[in-house]
Number of protein chains: 2
Amino acid sequence: MDTAERLLALLGLLQHRWHWSADELAERLEVTTRTVRRDVARLRIYGYPVEAFAGHGGGYQLGRGAALPPLLLDDDETMAVAFGLGVVGVAATSGVAGVDDAAVSALGKIEQLLPLRLRSRLDDLDAATVVPFRDQRALPDRRIVMALAHAVSARRVTTFDYVDGRSATTRREVEPVRMVRLGHAWYLAAFDLGRDDWRTFRVDRIASIDVSDVRSSERSGPDPVELVSRVAPASAFEHRAVVAIAATPDEIRRLVSTAIADLGPGSTTGHGTRATIGTDDLEWLAGYLMGLPWPFEVLEPDALRRRIADRAGALAARHAPPV
Amino acid sequence: MDTAERLLALLGLLQHRWHWSADELAERLEVTTRTVRRDVARLRIYGYPVEAFAGHGGGYQLGRGAALPPLLLDDDETMAVAFGLGVVGVAATSGVAGVDDAAVSALGKIEQLLPLRLRSRLDDLDAATVVPFRDQRALPDRRIVMALAHAVSARRVTTFDYVDGRSATTRREVEPVRMVRLGHAWYLAAFDLGRDDWRTFRVDRIASIDVSDVRSSERSGPDPVELVSRVAPASAFEHRAVVAIAATPDEIRRLVSTAIADLGPGSTTGHGTRATIGTDDLEWLAGYLMGLPWPFEVLEPDALRRRIADRAGALAARHAPPV
DNA sequence: GATTCAACGGACTGATCCTGTCCGCAGAGG
DNA sequence: CCTCTGCGGACAGGATCAGTCCGTTGAATC
């Protein structure tokens with residue numbers, strides 16, 4: 001084991017356990033304690049703060065520094081990180097600008113590096129769990145997002161089935177450029193090789209994805225963000241609901257992701273806050289609203305209004321006190 | 001820059017961008033391309049699969065190997081990872097045994113390494129967001145969980161305020177040993193220095209935590225898991241609700257975390273599935289149930305039944321079609 | 001306060017390895 | 001077919017590294 005590898009191993013050991021003595025480290029790394037001390041000194045020079053304690057029960061410990069050291073994760077921790085990133089980036093639980101993007105970019109990074117044996121475990125995990133209350137239709141599959149994030153960063157020609165606004169399915173071959181979150185949904189900006197032009201795709205309408213080994217050609221195109229915001233309204237959500245909620249915008253924002261509801265400016269009225277929500281699935285939205293801790297009234301559409309009335313009526317009838 | 005540091009930097013560069021040419025790397029690392037090639041070869045010897053492409057537009061790229069290489073995350077990605085782990089471990093969105101534990105253990109690892117400037121950003125992020133529908137009372141603060149996970153792994157004497165079952169608040173000084181998830185809640189197994197005995201604490205009842213620099217003394221004690229499962233029932237949830245849901249157990253499990261509801265064996269009846277749910281907050285549970293996509297009936301307690309009737313009645317009245 | 005444990009770091013030596021230079025080879029794209 | 005780019009052997013000089021030895025310092029325990 002040479003110097004560099006030993007330093008990497010040392011970083012790993014220090015992250016794996018809270019506390020090591022020089023003797024333990026020396027034994028693990030198969031060197032003398034003098035060398036361990038020198039390696040520790042070197043890590044400190046590189047900027048990783050290794051704390052040392054003398055005396056009985058003394059030893060080494062990694063502390064917080066100026067930057068996060070390279071994270072060495074074991075299999076289970078890798079699963080947890082990948083799963084967590086999927087929840088944040090894909091299910092949009094944060095609603096804070098930037099975090100979702102960072103989550104997806106980190107997902108792409110992991111997708112590129114994830115050993116195959118862990119990939120299948122991650123897929124099993126997905127099959128076994130569903131994030132409560134996520135809009136099953138409008139939110140894309142985490143595997144699709146990961147594959148696309150990877151395709152974008154590795155610049156690979158990618159093929160997939162796409163369902164357009166008129167429910168027509170076509171097989172597309174594209175060169176992905178960038179993923180953009182706009183409002184409630186993720187979009188992919190890409191050069192469509194079949195159409196020989198720039199196109200945007202709603203990620204939740206992509207299926208059967210296949211990332212090839214062929215690298216995209218150099219290509220200068222329009223700004224992906226602009227491309228998406230120009231085209232996206234045409235492929236917006238099927239339904240647009242307006243709801244008056246008996247709570248202040250701040251209260252709502254604390255509980256409802258901005259990726260779900262648009263509170264808009266000047267939305268506060270005498271009856272509370274007016275929220276606009278886009279969705280493809282009214283049934284889901286009905287449940288979502290009923291789960292909120294505030295009274296509300298659906299202003300439009302009527303279909304949603306009726307659905308709320310039905311469900312609430314049925315519940316009320318079933319739970320009425322015995323006469 | 002010496003060899004080992006350059007290798008670490010090289011790993012970082014390869015993760016940061018999809019694709020680098022030898023010249024670019026050589027310039028960045030301030031060495032000749034020959035040395036870059038040698039460094040790449042060394043990384044491959046260590047087990048990190050660096051892929052190379054010759055010809056026009058050729059270059060280097062990190063591929064998937066046997067194990068995840070040390071992850072070098074930038075600030076934003078670190079935020080996303082920490083936030084995602086918090087969602088999974090703390091808000092219990094997975095419900096799969098092991099993943100929550102791994103998430104909390106990874107959180108502890110990050111807590112130990114997280115630069116201070118990022119810590120405050122993470123706290124801001126927490127303040128700005130709330131995971132929709134999480135049980136505000138029964139689920140602990142992510143910061144508390146992180147601090148405890150760190151205190152456990154670093155074995156630090158820790159003090160905090162604890163609210164016991166009779167709402168009495170006491171300041172405790174403990175040596176934390178392990179965090180255990182049992183049913184719906186996280187528990188901390190620790191040696192209470194004030195009481196001079198082993199105690200368990202519900203993590204969501206811990207506040208004002210302070211992890212000291214003093215390391216715990218060596219101490220052989222009972223098995224933490226056993227300790228928690230022996231004592232925990234005494235500090236269980238305030239309310240226990242039984243609900244009949246018009247869905248199969250499999251359907252329910254797909255949407256509801258097992259950390260929330262216990263479906264129990266033989267729970268399927270003619271009217272659907274009988275679920276047992278523990279909570280401290282009936283109002284929250286009412287909303288949670290109303291958000292589910294299936295009809296249901298509350299069997300007990302009556303207080304919850306009345307609450308459902310009230311809320312559903314009000315909603316139905318408000319959404320009744322105009323006469 | 002004495003004792004012990006464990007990290008610290010200087011000095012020295014011989015062996016190792018590392019880097020830059022030079023070069024011909026091989027695979028990919030245009 | 002030509003060019004671009006990565007590959008890897010050979011070589012020489014010099015930098016670095018590991019082990020050994022040892023006195024010092026700081027903590028914890030008795």
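## Legends to close-up views of a predicted protein–DNA model

B:Arg171 is partly exposed, at a relative accessible area of 45%. The model shown in these views is predicted.

**View 1. The salt bridge between B:Arg171 and B:Asp161 in chain B.** The closest N and O atoms of B:Arg171 and B:Asp161 are 3.2 Å apart. B:Arg171 belongs to strand 4 (residues 169–182) of chain B and B:Asp161 to strand 3 (residues 156–163) of chain B, so the pair ties together parts that are 10 residues apart in sequence. B:Asp161 has a relative accessible area of 21% and is partly exposed. This value is just outside the buried class because buried means under 20% relative accessible area.

**View 2. The salt bridge between A:Arg171 and A:Asp161 in chain A.** Here the N to O distance between the two side chains is 3.1 Å. The pair ties together parts that are 10 residues apart in sequence, because A:Arg171 lies in strand 4 (residues 169–182) of chain A and A:Asp161 in strand 3 (residues 156–163) of chain A. A:Arg171, with 45% relative accessibility, counts as partly exposed. A:Asp161 is also partly exposed, its relative accessible area being 21%.

**View 3. A salt bridge from helix 6 to helix 4 of chain A, made by A:Arg117 and A:Asp75.** An N to O distance of 2.4 Å separates the side chains of A:Arg117 and A:Asp75. A:Arg117 sits in helix 6 (residues 116–128) and A:Asp75 in helix 4 (residues 75–91), so this salt bridge ties together parts that are 42 residues apart in sequence. A:Arg117 is partly exposed at a relative accessible area of 40%, and A:Asp75 is partly exposed at 29%.

**View 4. A network of salt bridges in chain A.** The network links A:Asp123, A:Asp141, A:Arg142 and A:Arg143. Over all chains, a search of the whole structure finds 35 salt bridges.

**View 5. The protein surface near DNA strand D.** DNA strand D is surrounded by 24 residues, of which A:Arg6, A:Thr35, A:Arg38, B:Arg37 and B:Tyr60 are the closest. Of the atoms of DNA strand D that come within 4 Å of the protein, 57% are accounted for by sugar and phosphate. Both protein chains contribute: helix 1 (3–16) and helix 3 (33–46) of chain A, and helix 3 (33–46), strand 1 (50–53) and strand 2 (59–62) of chain B, each supply at least two residues. Helix 3 of chain A gives the most, with 4 residues. By class, the surface near DNA strand D holds 7 nonpolar, 9 polar and 8 charged residues.

**View 6. Polar contacts to phosphate oxygens of DNA strand D, including that of B:Tyr60.** A polar side-chain atom of B:Tyr60 is 2.3 Å from a phosphate oxygen of the strand. In chain A, an N or O atom in the side chain of A:Thr32 is 3.1 Å from a phosphate oxygen of DNA strand D. For the side chain of A:Arg42, the distance from an N or O atom to a phosphate oxygen of DNA strand D is 3.2 Å.

**View 7. The protein surface near DNA strand C.** Around DNA strand C there are 22 residues, and A:Ala22, A:Arg37, A:Tyr60, B:Arg6 and B:Thr35 come nearest. Sugar or phosphate makes up 58% of the strand's atoms within 4 Å of the protein, and bases make up the rest. Helix 3, strand 1 (50–53) and strand 2 (59–62) of chain A, with helix 1 (3–16) and helix 3 of chain B, each supply at least two residues of this surface. The largest share, 4 residues, comes from helix 3 of chain B. The residues near DNA strand C divide into 6 nonpolar, 9 polar and 7 charged.

**View 8. Backbone and side-chain contacts to DNA strand C.** A phosphate oxygen of DNA strand C lies 2.7 Å from a backbone N or O atom of A:Ala22. The side chain of B:Arg42 places an N or O atom 2.7 Å from a phosphate oxygen of DNA strand C. B:Gly55 has a backbone N or O atom 3.0 Å from a base nitrogen of DNA strand C.

**View 9. Helix 11 (residues 302–318) of chain A.** The 17 residues of this helix reach 24 Å from the first C-alpha to the last, close to the 24 Å expected at 1.5 Å a residue. Its buried residues include A:Leu304, A:Ile308, A:Leu315 and the arginines A:Arg305 and A:Arg311. Within chain A, the buried residues of helix 11 pack against strand 8 (239–245), helix 10 (282–291) and strand 12 (296–300). They also pack against helix 10 (282–291), strand 12 (296–300) and helix 11 (302–319) of chain B.

Definitions and conventions: Residues numbered from 1 in each chain as written. Chains lettered and ligands numbered in written order. Predicted model: local features only at pLDDT ≥ 70, side-chain atom pairs only at ≥ 80, totals over all residues. Heavy atoms only, no water. Near = heavy atom within 4 Å. Polar contact = N/O pair within 3.5 Å; in protein donor to acceptor, adjacent residues only side chain to side chain. Nonpolar A, V, L, I, M, F, W, Y, C, P; charged D, E, K, R; others polar. Salt bridge = Lys/Arg side-chain N within 4 Å of Asp/Glu carboxyl O. Buried < 20%, exposed > 50% of the residue type's maximum accessible area, 1.4 Å probe, protein only. Expected span 1.5 Å × (residues − 1). Contact = heavy atoms within 4.5 Å.
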